[in-house]
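Good morning, and thank you for making time on the agenda. I should like to take the group through one model.

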Amino acid sequence: MLNPAQQRVIEALGRSGDRAALADDFGDRLRLGLTDGLAGVAAALDPSRPLWISKHALATVHTCEAHHQALDAAEFVWTVPTARGTVAHKAIELAVHWKGEPVPGDLVDEALARLVDQEDGLGQFVAGLGAADVAELRAIAVERVSKFQECFPPLKAAWIPVTESKARVELFDGALVLAAKTDLTLGRPGEKVIVDFKSGRVHAQHGDDLRFYALVETIRLAPPRKLASYELDSARLLVEDVKDTTLYAALRRTIEGIAAIIELRAGRQPRKRVGPVCRWCPILASCTEGQAERARADDDAADTDLRVEADAW
């Protein structure tokens, strides 16, 4: 028996009406659009050192080029907050294929053990954690897995569920690689539903991430049918049908983002765009624009607190 949240997922992701048919060569058209759109910067690419483009790279460069450049230069360091999503996703992957009743705590423990066995960067980080940090990481991951089980319907084998599915498209003799890794896909090629799981608020960027996945999937194989962002905290599902306009929007954003990344690596000065990302930007201490934005945001927050307090009285 499905609960209301699970039933809403079934209704939202099921077939609904006829979608506009896309030409059989639509993926080829998108590939050609990418190569033509990037022809002006392609000379800077080097097949011996391929440029990998992910949803994260596109998101950061479109948010603020200076922020993107700072993150690109910084060495990634695993922390409990950065590891929690990977641990939870690994546990959800196990849940999809688990025999018997999957218990969130058991799934997370097995995910942690398997990550340690891999002996990569994350595995070494988890293996080196103290008891308190392991408990914190486990608690956060168990919460996410529990919410997934509460909100999402049990995945039937007939739906062909695939978790952490990797896909890529190579351009310019392998000098440029578009790489995607989706949280969950359902269905066969041409009828796939791509799902991203989120904790916290749903942002417009999440839709852009999914459209990038759709672009890669269409060029690689065939257009997916639907894109969905599922916010676990509120059991909120945002769904978008995949149309030609969806894919052309992703094409334009991808071309603009890749061109900017190549130009920045060639020495162009980054363009700064202030916003919420300034709060955790690694160059905030030396960025006058970011500091001004943070001061303005803090003033706005203080004014809001005063208004709330006045209303309460």
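I shall begin with the chain as a whole and then turn to individual elements and residues.

A word on conventions comes first. This is a predicted model, in which local features need pLDDT of at least 70 and side-chain atom pairs count only at pLDDT 80 or more, while totals for chains, interfaces and linings use all residues. Residues are numbered from 1 along each chain as its sequence is written, and side-chain values use heavy atoms, with hydrogens and water left out.

The chain contains 11 helices and six strands; these are DSSP runs numbered from the N terminus, helices being H or I of at least four residues and strands E of at least two. Its radius of gyration is 21 Å, close to the 20 Å that the globule rule gives for 313 residues, so the chain is as compact as a globular protein of that length. That radius is taken over C-alpha atoms, and the rule is 2.2 Å times the number of residues to the power 0.38. Along the principal axes, the C-alpha atoms fill a box of roughly 60 × 55 × 50 Å.

Of the 313 residues, 43% count as buried. Buried here means under 20% relative accessible area, exposed means over 50%, and partly exposed lies in between, with a 1.4 Å probe and protein chains only. Among contacts with a separation of 6 or more, 70% come from residues 24 or more positions apart, a contact being heavy atoms within 4.5 Å.

Let us turn to helix H8, residues 131–151. Its 21 residues should span 30 Å at 1.5 Å a residue, and the end C-alpha atoms are 30 Å apart, which agrees; the expected span is 1.5 Å times one less than the number of residues. What do the buried residues of H8 pack against? Their partners are helices H1 (4–13), H5 (80–96), H6 (104–118) and H7 (121–127), together with strands S4 (193–198) and S5 (226–231). The buried set in H8 includes Leu-137, Ile-140, Val-145 and Phe-148, and also the charged residues Arg-144 and Lys-147.

Lys-147 has a relative accessible area of 18% and is therefore buried. Leaving aside neighbours within four places in sequence, Lys-147 is in contact with Leu-232 and Asp-233. A second lysine, Lys-198, lies in strand S4 and is buried at 13%. With the same neighbours left aside, the contacts of Lys-198 are Lys-55, His-206, Asp-209, Ser-229, Tyr-230, Glu-231 and Leu-232. Leu-232 thus appears in the contacts of both Lys-147 and Lys-198.

Next come two partly exposed residues. Gln-205, in helix H9 (residues 204–220), has a relative accessibility of 36% and so counts as partly exposed. Tyr-248, in helix H10 (residues 244–265), is partly exposed at 32%. Not counting residues up to four places away in sequence, Tyr-248 touches Phe-26 and Leu-30.

Finally, I draw attention to the backbone. Where does Asp-173 lie? Asp-173 is in the loop between S2 and strand S3 (176–186). Although not a glycine, Asp-173 has a positive phi of about 55°, and at 80% relative accessibility it counts as exposed. Glu-164, in strand S2 (residues 162–171), is another residue other than glycine with a positive phi, near 50°.
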